[in-house]
Amino acid sequence: MPKKKQRSRKSRKASGRGGRPGPAREKAILLYHDMAVYENFERCARRVFEVLRNAEARMPGKPRHLFLRVQGHRNDAGGYDRDAIEIIRDFAMGYLLPYLTELTTPFHRLANPDGQRNDVPDELQIAYPEEPGDASDASGFWYDVNLLPLRPRGTTENARKTPPKLAAIADYLGMDPACLICWGTPVDRAHAVPTSLGGSMDVRNFALLCPNHHRQAPDIADAEAFWAWVDYAEIRDSGSKWNGAAPEVQEWVRAHGGRTEPKDRADMEFMAAVRFELQHLYGWADADFEHMSWDLLQEYHQVLEAATGKHFGVEKKVATHAWAYHIARRRLAKRRGETGPMPSDHPWTGIWPVP
């Protein structure tokens, strides 16, 4: 008898109240994004939006559940910084939730009370402030190209005199001690802003990079541009992550459009490498290289002198010089009153062919 009653209850539960057939619960699509420490608001927002748009294109109308996580992005008080808060509150909760059935963030798990919309826009439009904020509190979206100041991620001066331990940096980054770009070991503690340019020993001013990528990283006064370079290099060198992977894993990566071999750029001529970085990190088009005037070269050297350094005794770091050219061009354009989007206003975040 107990078994018979149990079967009866299960039958009623499956068919709905009163034994009447009820609608079957549709399986949901799980979307996931971990906002990396090197992603700012724009890069993260564009990538999450692309995941959402692709899900609707491939499986129209299916319920979507987005899980959003955040690495690093801590402020002076230990909470999340501005970029992370804007992604969670303004973008995920304010903009994306109508196109989701459910959203899970580090703060909340939210169901869409109005039902999921499926008219996902074709493009994501992000508005930018016309002028940078006060450089003293690092509130501006843009690096203030007029002043060439230090632009750290944190705003409170840190009293540490020695660098934090590898474990502390890895904990802040939300990862095991490995290179952020290629996952290689051993790793160096790499300053986002060098101490020679005003960078602190705060854990937020450090990345974990293998010696090879540490030697390539820019030595500049703009922390956000440093993290943008890490993001760019992580995509550029994505094939190197799979060096030690099993053959079946490498085969799976290739089957899904990924690269499983590193690209050797050792023979690339210096200026060709700078041009490549200006194109793929800062968004320069071929026409932009036609304006390499004497004024630009003068401005470029001023930027080098005021806001860059050298590391490992290397005078010609491609990443440092590419940033200096880009900032020099922005400074000239601002003084001439040029309007419209400049290269890097919309950073390119896809995967490009590497020569």
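**Exercise 1.** In which sense do strand S1 (residues 29-35) and S2 pair, and over how many bridges? Then trace the chain from S1 to S2.

*Solution.* The model is a predicted one.
Step 1. S1 and S2 pair in the parallel sense, and seven bridges join them.
Step 2. Take Ile29 as a starting point: its bridge partner in S2 is Arg64.
Step 3. Between S1 and S2 the chain passes through helix H2 (residues 41-58), and this β-α-β crossover is right-handed.

**Exercise 2.** Find how S2 pairs with strand S3 (residues 102-104), and describe the path of the chain between them.

*Solution.*
Step 1. Three bridges connect S2 and S3, which pair in the parallel sense.
Step 2. Opposite Phe67 stands Thr104 in S3.
Step 3. From S2 the chain crosses through helix H3 (residues 82-96) to S3, in a β-α-β crossover that is right-handed.

**Exercise 3.** Decide whether strand S2 (residues 64-70) is largely enclosed or not, and examine His65 as one of its residues.

*Solution.*
Step 1. Five of the seven residues of S2 are buried, so the strand is largely enclosed by the rest of the structure.
Step 2. His65 is found in S2. Its relative accessible area is 14%. Buried means under 20%, so His65 is buried.
Step 3. Leaving aside neighbours within four places in sequence, His65 is in contact with Ala28, Ile29, Leu30, Leu31, Thr101 and Glu102.
Step 4. For a distance, take Leu110, which lies 45 residues from His65 along the chain: the two C-alpha atoms are separated by 9.7 Å.

**Exercise 4.** Describe the backbone at His73, Trp183 and Pro186.

*Solution.*
Step 1. Recall the usual case: most residues other than glycine have a negative phi, and most peptide bonds are trans.
Step 2. His73, in the loop between S2 and H3, has a positive phi, near 55°. This residue is buried, with a relative accessible area of 0%.
Step 3. Trp183 lies in the loop between H4 and S5 and has a positive phi of about 70°. With a relative accessible area of 46%, Trp183 is partly exposed.
Step 4. Pro186 is placed in the loop between helix H4 (166-173) and strand S5 (188-191). The peptide bond leading from Thr185 to Pro186 is cis, with omega near 0°.

**Exercise 5.** Summarise the whole protein in numbers.

*Solution.*
Step 1. The protein has ten helices and six strands.
Step 2. Of its 355 residues, 46% count as buried.
Step 3. The accessible surface comes to about 19400 Å², and 53% of that belongs to carbon and sulfur atoms.

Notes: Residues numbered from 1 in each chain as written. Predicted model: local features only at pLDDT ≥ 70, side-chain atom pairs only at ≥ 80, totals over all residues. Heavy atoms only, no water. Buried < 20%, exposed > 50% of the residue type's maximum accessible area, 1.4 Å probe, protein only. Helix = DSSP H or I, 4+ residues; strand = E, 2+ residues; numbered from the N terminus. Pairing = 2+ DSSP bridges. Right-handed = clockwise from strand over helix to strand, strands pointing away. Areas by Shrake-Rupley, 256 points an atom, 1.4 Å probe, with all protein chains shown as cover. Contact = heavy atoms within 4.5 Å.
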